[in-house]
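Please load the structure in your viewer, colour it by chain, and keep the selection panel open while we move from one stop to the next.

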Amino acid sequence: MLHTPSGYWDPLLWILALIVAILIAYIIRGFGRKDYKGGEQSKPFLSGMDIPDEKELHIRAGNIYWGFMEGLEGYYDIMKKIHTGVVNDYVAWFLGVSALLFIVILIVGVT
Amino acid sequence: MNMNWLLTHSPALLIAIPLLAAFLTPLIDRLSKRARNVLVLIVLITVEVVMIVLAWDVFTGNTHIYTMGASNPTATIPVQAAIPIRIVLEVDGLSAFMGLISATVSLAAGLYSLAFVRRETGQGRYYTLLLLMLVGMLGMEFTGDLFNLFVFLEILSIASAALIAYRFYRGDAVEGAFKYFVISSLGALMVLFAIGLLYGQYDLLNMAALAKVMKYTMLDKIALVLFIAAFAMKCGAIPMHMWVPDSYTVAPASITAMLVVASQVSLYALFRICFSLYGLTLDVTTVGIIIISLGLLSMFVGVTMALPQKDIKRLMSYHAISQTGYMLLGVGVGLYLIGKPEFSTYGMAAMEGGIFHIFNHALYKGLLFLTAGAIFYKVKTRNLNEMRGLAHSMKFTAIFFMIGAFAIAGIPPFNGFASKLLIYESVYCVSPILSIIAMLVSIITLASFVKVFHSAFMGPPMRNTKEGEVPKSMLIGMVILTVGIILFGLFPGWVVDHIVHPAAQALADQAAYIQAVIGG
Amino acid sequence: MIYNIPFIVVVLLIIVGLATVVFKRNLIKIVIGITIIESGVNLFLITLGYRENSVAPIYTFAPSTKMVLPVPQALTLTSIVIGVAVMALMLSFAIRIYQHYGTLDSRKIRRLRE
């Protein structure tokens, strides 16, 4: 049992609780209707579009999280401009950070 | 050759055995390939076993000292001197902890490489350099002498650079290796300059002897800044992190797993300098806040840059940067609180969280990189846009990937959750914002691994891949790390009490470090 | 004042080396820059050991008992050897990069970016 500052964590007890919860969920599932398989209910839904043959349906990695990328477009523009890939810039960043650390530790000090 | 002899001489044996084997490997490689593979495996297993024996003894309370070249290895100060003369290896709790990590991940990577590089040329050189990387890591972890630290740092970085460029028939591998090597040797030269500054003032190179006489003069402050900047760059803290994705992507997958441990050894060196060399003479508030800010920046920028990546190993290497931020955050909070009364309530827990996270990260990140290598072995591409449906044929790899992804996202009951819980609950007491950012980063980590799992493993199977799983030795390498993840996840209390707490205690206690070498 | 000149030279060498690494685009010039920094740090280590009116620490029947410190000389020798290995490996990387990319301009060797 791992003791943290505000409590404790015991994964074995957690697994036990998880098994009990899964059992309860399974029993509740058993109370449902059994005739839903194979019909309209089990096909994937893409906003009512006509989906192509299900065997070939796969969203490629570049298109996942499109909304997230669009929303943070300003941040990602800056980040992509910073990561140039030129080795001189890597050294420049290192020198910049050490200059900043010099100023903070030697002169100013954070209080 | 009884246990006592082994325990006394184990720090030197652990460095000498892989070093001798590294020099024998090219010779044996000329005779027979199988003999070379057998030699490498035997050496890696021996290092692991001796390391476990040494760590068992160190964690139960004895710090081991070894003076290189003396007639009595445990006597550090000669009869007519007042300071330690020779190079002293000092294995305390944190060194043994990091040594366990290096030995375990090297064993897994070595086993994995047996099948992974089977078709490449120059395998003799590969295994030589792999053993030299192990020597560099163990040397940096065990040494008690500053210049020895620099020498092993350079051994590690030269061997790593040569291994990153292993597939030199591809242009991007050599490019990544060049970028890594330029900035790594610049960092090492700054470390040497700082060592020269400290030597010029105090005429001492031994870390414990220096810690005893350290006064925090202006030159010491300059040396501290150079140490922090260089070692933070070597472990991949933002904003000096740009070599990490470039080099981790192009190296062979088993070498990337070892590069992760190499970065963590630089993290260990940073903590050793801050806690055991300078200790309470530092301005702990300033340096603590600097390390905490480096940690926060690394966590956030690392994971947000990981999300849009399309190359599987580049994505994972940004996650390596982000998880290093967790370690910097945890131990940075510990440094911020050292010397204050709150240290014993939640400062120690923060340090335990950060240090536990080091071991967990080496295990699950190593596993994830090994699975990415397995995918590359089957599909010959690392681009996520071009692969799908690999779970149909690579079932074991998919399961290992899922375990690694759950561990890195901090999902119970795996080991990532245990160390992240310690960090969240203790860092919260310093400022709630730190905990909030840490949890946010954890969620985005899960999001990006869901993306990888969907792109690589789910969906209809690809048309032109061969059926079947990757070779057995690669699976055995992954199994070693998975067993570590599951065991650490199911028994975190035992691990923290017996393995992590001695390490955190050894780091925080500068007096014990000094007393082991000089003192008594 | 005259005994401070080596330290000033060290600082100048390191500044010149850093400027070369940051501003020059040719890969060979970047390697030369790293070598200049390494020379600067080696000079720094040697200069730390100097004592006035001293002899080299290599005699058995020494003409004087004042000797310069031998430890920094050992450190510098190690560092020179490491510098040779670093320079050799970096130059071999530069050769391979030229074979693959056809150019040595660091702005054009950017297949790995973002």
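How many helices and strands are there in chain A? Select chain A of this predicted model, and you should find 4 helices and 2 strands, which follow one another along the sequence in the pattern β-β-α-α-α-α. With the globule rule giving 13 Å for 111 residues, the radius of gyration of chain A, 27 Å, is well over that value, so the chain is more spread out than a compact globule. If you draw a box along the principal axes, the C-alpha atoms of chain A fill roughly 75 × 50 × 25 Å, and buried residues make up 11% of the 111 residues in the chain.

Next, select the contact between the two chains, to which chain B brings 47 residues and chain A brings 37 residues. On the side of chain B that touches chain A, the elements giving two or more residues include α6 (171-202), α11 (284-306) and α16 (432-457) of chain B, while α8(B) gives the most, with 6 residues. Colouring this side of chain B by residue class should show 30 nonpolar, 10 polar and 7 charged residues.

Finally, select helix α4 (residues 123-142) of chain B, whose 20 residues should span 28 Å at 1.5 Å a residue, and whose end C-alpha atoms lie 29 Å apart, which agrees. Is α4(B) enclosed by the rest of the structure or open to its surroundings, and how many of its residues are buried? Of its 20 residues, 18 are buried, so α4(B) is largely enclosed by the rest of the structure.

Notes
Residues are numbered from 1 along each chain as its sequence is written. Chains are lettered from A and ligands numbered from 1 in the order in which they are written. This is a predicted model: local features need pLDDT of at least 70, side-chain atom pairs count only at pLDDT 80 or more; totals for chains, interfaces and linings use all residues. Two residues are in contact if their C-beta atoms, placed from the backbone, lie within 7 Å. Ala, Val, Leu, Ile, Met, Phe, Trp, Tyr, Cys and Pro count as nonpolar, Asp, Glu, Lys and Arg as charged, and the others, Gly among them, as polar. The radius of gyration is taken over C-alpha atoms; the globule rule is 2.2 Å times the number of residues to the power 0.38. A residue is buried if 20 or more other C-beta atoms lie within 10 Å of its own, exposed if 12 or fewer, and partly exposed in between; C-beta atoms are placed from the backbone. The expected span of a helix is 1.5 Å times one less than its number of residues.
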